[in-house]
Amino acid sequence: MTVSEEDRHLRLTGEFDCDATPLATLRHSTSHVMAQAVKRLFPEVKVAIGPAIEDGFYYDFFKAEPFTPEDLARIEDEMRSIAKADLRFERREMPRAEAIAFFRQRGERFKVEILEGLDAPTVSLYTQGDFIDLCRGPHVGSTGQIRFFKLLSSSGAYWRGDEKNPMLQRIYGTAWLTQEELDRHLWRLEEAKKRDHRKLGRELDLYIFNEVSPGAPIWLPGGWTIVRELERFVREKLDASGYQEISTPILVNKKLWEQSGHWDYYQENMFLVESEEQIFSLKPMNCPESTIVYRHALRSYRDLPLRFSDMGRLHRNERSGTLTGLFRVRQFTQDDAHVYCRLDQIQAEITAMLGLVRDWYKPFGLEPFFKLSTRPPKSLGTDEQWRVAERGLEDALRANGLAFELNPGDGTFYGPKIDVDIQDALARRWQMATIQIDFQQPERFGLEYVDSDGQPKPPVMIHRAIFGSFERIVGILTEHYAGAFPTWLAPVQARVIPISEKFADYARSVHERLRAARVRSELDDRNEKLGYRIREAQLSRVPYMLVCGAREAEAGTVSLRHRSGDDLGAVPVDRVVGDLAREIAARESSLTVGRS
RNA sequence: GCCGGGGUAGCUCAGAGGCAGAGCAACUGAUUCGUAAUCAGUAGGUCGCGGGUUCGACUCCCGCCCCCGGCUCCA
């Protein structure tokens with residue numbers, strides 16, 4: 001269903017217009033009806049392209065003024081009347097030269113441009129009522145089948161995705177086979193808005209952004225607690241997987257980047273700093289410095305594989321318009337590592353990494369999807385190296401029985417890669433892990449090991465990040481959990497609430513016992529009504545509320561409430577402390593305290 | 001970076017050439033409370049930044065910064 005960028009470019013050259021699935025066909029037809037409505041309401045507008053995409057469709061129009069929300073409402077009304085008229089979609093073929101003349105005469109310059117790029121002798125046109133469009137189809141039988149749709153937004157988009165081309169006005173819409181599916185999709189859009197991590201980050205006091213450093217989060221105590229827990233998770237896992245952690249400088253002399261190739265291939269994304277007539281850069285990647293660690297000692301074939309983890313803070317000068325909360329930042333920390341191994345160890349190492357992906361995502365209930373990206377147009381290295389590296393990754397995926405999507409030309413300049421997307425609670429996909437083979441850095445930095453025959457050989461370098469970046473994963477998890485983090489990640493794990501001042505001392509003793517057991521507890525003994533303080537704890541998604549009154553002080557219990565709203569009644573303090581400690585240590589995904 | 005929309009109190013937002021507003025939060029006081037908002041009072045502003053027009057600019061004009069929706073790019 002997903003239409004990759006590659007497919008879209010193919011479509012432009014007329015290979016096909018959309019998948020023949022009923023849903024994609026419906027969406028594609030809906031985009032034609034939208035174009036028809038736009039042409040009726042704005043006759044001067046020129047049409048460009050209108051494909052089906054994931055969850056819907058769009059159509060690009062050449063129009064001086066952007067569409068307003070009122071325009072969208074009018075267009076949607078017009079679409080409904082076109083649908084009601086139940087016009088037939090009629091296909092007809094035409095010699096390409098004739099089609100060029102036809103569209104040129106109508107002033108449809110974009111259609112002419114598409115046609116001129118085709119080499120087919122004949123092309124097909126689809127007509128419904130007063131609208132005719134160059135299109136390979138297929139389409140639904142008639143506009144009457146288009147019923148469950150909604151226009152969502154409009155924005156600028158470049159013709160053929162190239163910023164040197166004219167800016168078009170794109171209208172996005174969604175279309176489904178049933179009212180239920182449409183409603184569910186619209187609900188998901190609403191829910192996604194509510195879960196927006198930028199909003200929740202502020203409301204839950206996790207992280208904020210400030211114009212003094214665009215694209216760099218300012219971590220508040222709550223959000224930083226989450227980062228620390230994730231780092232602890234990563235370190236525990238790495239310690240158990242044969243990795244060694246290192247740390248390398250953030251500010252690095254340009255000379256290193258010249259040697260690594262980043263100066264030629266990545267400079268536009270690097271922040272530069274000058275000092276004493278030397279040029280330095282904030283590192284955009286950790287890999288070149290990891291080679292210095294490799295070279296620090298003479299390495300033997302017996303030493304390999306060497307696995308260096310380096311959770312370095314990176315800076316990449318992303319274009320200002322691309323920054324988005326924690327999802328796209330200029331400063332971030334990868335859970336990065338570089339593995340140096342022999343050729344014969346590649347597959348075992350990649351396999352182990354794919355194992356890490358599955359193991360690490362499990363506690364979060366995140367489903368991984370694998371993508372293999374191959375050699376891009378601008379790259380370093382020989383054909384032979386690329387062939388070996390690409391096959392190494394593919395073999396490991398196949399050996400593990402993992403399905404994957406192929407992204408030709410999407411690799412880095414130094415090697416092919418496996419990227420891993422996850423699907424969150426709202427079925428949205430985000431990129432997380434990346435595993436990249438690199439023959440270039442070892443060569444450029446003259447890395448070698450002494451093989452069993454006494455000869456020096458170059459090691460293979462594998463870059464990999466499993467969570468991707470701590471920033472991005474915190475953003476993803478914030479939305480995935482809608483702010484209700486599992487207890488081990490929750491900034492505040494328990495809030496102790498005395499019913500009134502009279503029981504503040506008892507509540508304090510409960511709070512102190514929790515703290516002694518390293519539970520992140522807070523005491524809310526403010527002079528507010530119980531209901532008010534429960535409400536505040538609920539709104540901050542604190543997993544457990546421990547209410548203390550006369551009965552509890554008497555019996556050595558607390559009245560336990562889960563943020564789910566469940567009231568577990570009186571539970572002995574000993575048991576609450578024990579259950580909480582166990583739930584946290586086990587990184588449980590659900591609330592268990594008082595239930596066992 | 002490009003197209004469009006924005007930036008007013010800590011937060012959410014109203015206001016539009018002539019005294020800067022509300023709700024929530026904060027603070028003070030009263031209340032001492034049994035599971036999602038007790039009452040009363042007080043305080044809070046470089047209206048993003050800089051320049052211009054005007055008797056007078058939060059409001060109009062110009063430039064810049066940042067944010068939002070997309071394009072492009074990406075961990």
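**Exercise 1. Identify which helix gives the most residues to the surface near RNA strand B, then describe that surface by class.**

Solution. The helix is H17, spanning residues 530-539, which gives seven residues to the surface near RNA strand B, the most of any element. The model is predicted. Sorted by class, the surface near RNA strand B has 21 charged, 19 polar and 17 nonpolar residues. There are 57 residues around the strand, and those that come nearest are Ser155, Ser320, Arg328, Asn527 and Ser559.

**Exercise 2. Determine which parts of RNA strand B the protein approaches, and give the polar pairs for Gly156, Arg202 and Glu501.**

Solution.
1. Take the atoms of RNA strand B within 4 Å of the protein: sugar or phosphate accounts for 50% of them, and bases for the rest.
2. Sugar or linking oxygen: a backbone N or O atom of Gly156 is 3.4 Å from one such oxygen of RNA strand B.
3. Phosphate: Arg202 places a polar side-chain atom 2.9 Å from a phosphate oxygen of RNA strand B.
4. Base: a polar side-chain atom of Glu501 is 2.8 Å from a base oxygen of RNA strand B.
5. Polar contacts are counted for N or O pairs within 3.5 Å.

**Exercise 3. Classify the packing of helix H4 against helix H5 and list the residues in contact.**

Solution.
1. Two packed helices are described by the angle between their axes and the distance between those axes.
2. For H4 (residues 96-105) and H5 (residues 109-116), the axes cross at roughly 165 degrees and come within 8 Å.
3. Angles over 145 degrees count as roughly antiparallel, so H4 is roughly antiparallel to H5.
4. The handedness of the H4 and H5 crossing is left-handed.
5. H4 contributes Arg96, Ala99, Ile100, Phe103 and Arg104 to the contact, and H5 contributes Lys111, Val112, Leu115 and Glu116.
6. By class, the contact of H4 with H5 holds five nonpolar and four charged residues, with no polar ones.

**Exercise 4. Repeat the analysis for helix H8 and helix H15.**

Solution.
1. The axes of H8 (residues 221-239) and H15 (residues 470-480) are 10 Å apart, at an angle of about 115 degrees.
2. Because of this angle, H8 is roughly perpendicular to H15.
3. The crossing of H8 and H15 is right-handed.
4. On the H8 side, Ile226, Val227, Leu230, Glu231 and Val234 take part; they meet Phe470, Ile473, Val474 and Leu477 of H15.
5. The contact of H8 with H15 divides into eight nonpolar residues, one charged and no polar.

Methods: Residues are numbered from 1 along each chain as its sequence is written. Chains are lettered from A and ligands numbered from 1 in the order in which they are written. This is a predicted model: local features need pLDDT of at least 70, side-chain atom pairs count only at pLDDT 80 or more; totals for chains, interfaces and linings use all residues. Side-chain values use heavy atoms; hydrogens and water are left out. Axes are lines fitted to C-alpha atoms, for helices over the stretch in contact, and angles run from 0 to 180 degrees between N-to-C directions. Helices (H or I, at least four residues) and strands (E, at least two) are DSSP runs, numbered from the N terminus. Angles under 35 degrees count as roughly parallel, over 145 as roughly antiparallel, 65 to 115 as roughly perpendicular and the rest as oblique. A crossing is left-handed if the near helix is turned anticlockwise from the far one by less than a right angle, and right-handed if clockwise. Contact means heavy atoms within 4.5 Å. Ala, Val, Leu, Ile, Met, Phe, Trp, Tyr, Cys and Pro count as nonpolar, Asp, Glu, Lys and Arg as charged, and the others, Gly among them, as polar. A residue is near a molecule or strand if one of its heavy atoms lies within 4 Å of it. A polar contact is a pair of N or O atoms within 3.5 Å; within protein, one must be able to donate a hydrogen and the other to accept it, and residues adjacent in sequence count only if both atoms are side-chain atoms.
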